[in-house]
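Trainee: I would like a close look at one part of this model, taken slowly, with every cut-off stated as it comes up. Could you choose a sheet and describe what surrounds it?

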Amino acid sequence: MAVTGAAGAGPPTGPEEAQVGSAEEPREARVRLPQLRLDELLEELQARLDAARVPVTVCTVCEAVLSVGRDLEQALHGIVEAAAVLVDAEFAALGVIGPDGTRLSAFHTVGVTEQQITRIGHFPEGHGILGELIRHPEPLRLAKISEHPSSYGFPPNHPPMNTFLGVPIRVRDQVFGNLYLTEKRGGGQFDGEDESVLSTLAVAAGVAIDNARLYEESRLRERWLQANAEITHSLISGSERAQVLGLIADRAREITGAALAVGAVPMEDTDSLSMEIAIGPEAETPRGLVLPVDGSLIGEAFSTAAPVTAPDVSHDERVSAGPPRLTDLGPAVAVPVGTGEGGVRGVVLLIREAGETVFTGKEIGPLRGFAAQAAVAMELAERRRDAEEVAVLEDRDRIARDLHDLAIQRLFATGMTLQSAGRFIDHPEASEHVVRAVDDLDETIKIIRSTIFGLRSRESAGGAGPRARVVRIAGEAAPVLGFAPSLRMESLVETLVPREIADHVVAVLSEALTNVARHAHADRADVALTADSRQVRLTVTDNGVGVQADGRRSGLRNMAERAQQLGGELELSRPEGGGATLAWWVPVPAA
């Protein structure tokens, strides 16, 4: 492996001796090689070699480059090996210029052992002579590296190097990197023929790199398409929004090579975002955090509906104000799931490990398209669910109409008939049975009318009925209580509890659980809600210290007043095992 000129530090590893494919390699191995612009390449190679009058055949150069295969890393290392062999240099290296255009992001070498690389340390970043080639991408040939004005010496444990030859590698209209050779074997100097051969190899290398890049880009597009198909399938299968957002974050993390992925969603009636999903190392740190839209990284992506980047999250106040939370992580990008026109449904934050490269435009473009397509799939799934809900509501309306127009009318007619017939029955017991049957029919009619009310209640169908509201209140109280209260709901709560009474039930339950959390010192609470055609009853029982005689009564007084307004009562008792039982009940209005 080779470490070049005054770049400063040891590069990545590679084989010590350079070998390239020979003309005797199997034909089928070469058939699979990239063939982009091959005729033009061969003509240019032959013209350059003929003009330089060098003893190297075009087949030798082609074998050296085209045998590197499709993988980009393999291609780069193969080019370095070919350069060392064709120009007969002791050390060879290839530096890849980073996205900023001023530093090296990768370094491939030949001629230095693993032990030497370990002793030298970090690979060169593009200072000294290597920086000179980055700033001025033209062939550079030196008899002695130390005599050049840009040279500033070698790091400790670096092998001695004097002669130097470097040429740029161009891919299309962009300088991809530079090829460096040092120490001509035999102690000679690099000459014009060496420079011509290396320049010719750089042209061929540009084609090989371009082919490898195109291949990698096609594979990357294929992975994005597969991820989109997986998300669409998950949505069609009925997965919840949080599950889908987690899948989006996980697939984006895998494809982009991020260490941590966070999924954030907007909170209702607030200008904040909740980090519901976190996948990867340090996932517990951001999970559950609530950040304001204004002033945060994810908030900026959410409000602008555009990606936002950060070079280092550990020192970015938009990620976490105060002491840094994510100390071992570095570059980040926040990508909105959705667009400004269709509405942003959430934000995916991807963070790489500290010291890794920042997210580039080439990476952010496909990532943004992936998130936008995922948002479209989410919207289509929501539209499908809305259509299904409308169909359910229409079916409920039809059932309610049939119950009202057919069942109730027949039951009412039957009751009238029995009432009329009862006047002609002389036997007391038979007359009593008829009266009881008429009362039962009347009660049945009330139940059916309550059912009709429930069927026609769109709020109940939408998840905002008494049952859903009670479950939500119990869930919200769990963090304050320190445990989740048990819930038991009997009978047709959704249809038998009118909206006005449901509002009071929710308020009383919230107050009761708050009192348990503040005063009871309990580790268990049981909530029961029952309803029939006569009354609605809410019971809250805990195993705490009970109601203190000198305690505040404002909360209990409010609950009692609510019951009295509706013609009900509040009862407070102490079970034999300790604790307290609150029973709140109100009558159900006649249908």
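Mentor: What follows is an account of one sheet, its helices and its core, with a second sheet set beside it at the end. The model is a predicted one, in which local features need pLDDT of at least 70 and side-chain atom pairs count only at pLDDT 80 or more, while totals for chains, interfaces and linings use all residues. Residues are numbered from 1 along each chain as its sequence is written, and side-chain values use heavy atoms, with hydrogens and water left out.

The sheet I have chosen is an open one of five strands, in the order E12-E13-E14-E16-E15, and its pairing is mixed. Helices (H or I, at least four residues) and strands (E, at least two) are DSSP runs numbered from the N terminus, and two strands count as paired if DSSP finds at least two bridges between them. Strand E12 (486–489) and strand E15 (569–573) each have a single partner strand, so one side of each is left without a neighbour in the sheet. From one strand to the next the twist averages 10 degrees; for such angles, axes are lines fitted to C-alpha atoms, for helices over the stretch in contact, and the values run from 0 to 180 degrees between N-to-C directions. E12 and E13 run parallel and are joined by four bridges, and within this sheet Leu-487 stands opposite Val-527 in E13.

Now to the helices, where contact means heavy atoms within 4.5 Å. H13 lies across E12 and E13, at about 170 degrees to E12, whereas H15 lies across E13, E14 and E16 and runs at about 10 degrees to E14.

These elements also supply the largest nonpolar core, which has 35 residues; Val-505, Leu-509, Leu-538 and Trp-584 are among those with the most contacts inside it. Such a core is a set of buried Ala, Val, Leu, Ile, Met, Phe, Trp, Tyr and Cys residues joined through side-chain atoms within 4.5 Å, where buried means under 20% relative accessible area, exposed over 50%, and partly exposed in between, with a 1.4 Å probe and protein chains only. Helix H13 (466–481), helix H15 (499–520), strand E13 (525–531), strand E14 (535–542) and strand E16 (580–587) are among the elements that each supply at least two residues of this core, and H15 gives the most, with ten residues. Leu-538 shows how the pieces meet: leaving aside residues up to four places away in sequence, Leu-538 touches Val-505, Val-508, Leu-509, Val-527, Ala-528, Leu-529, Leu-582, Ala-583 and Trp-584. A second, separate core has 29 residues, including Leu-245 and Ala-371.

For comparison, another open sheet has five strands in the order E2-E1-E5-E4-E3, with antiparallel pairing. Its edge strands are E2 (104–110) and E3 (140–142), each pairing on one side only, and its neighbouring strands are turned by 15 degrees against each other on average, direction ignored. Helix H7 (192–236) packs on this sheet, touching E3, E4 (164–171) and E5, and its direction makes about 30 degrees with that of E4. Eight bridges join E4 to E5, and seven of the eight residues of E4 are buried, so E4 is largely enclosed by the rest of the structure.
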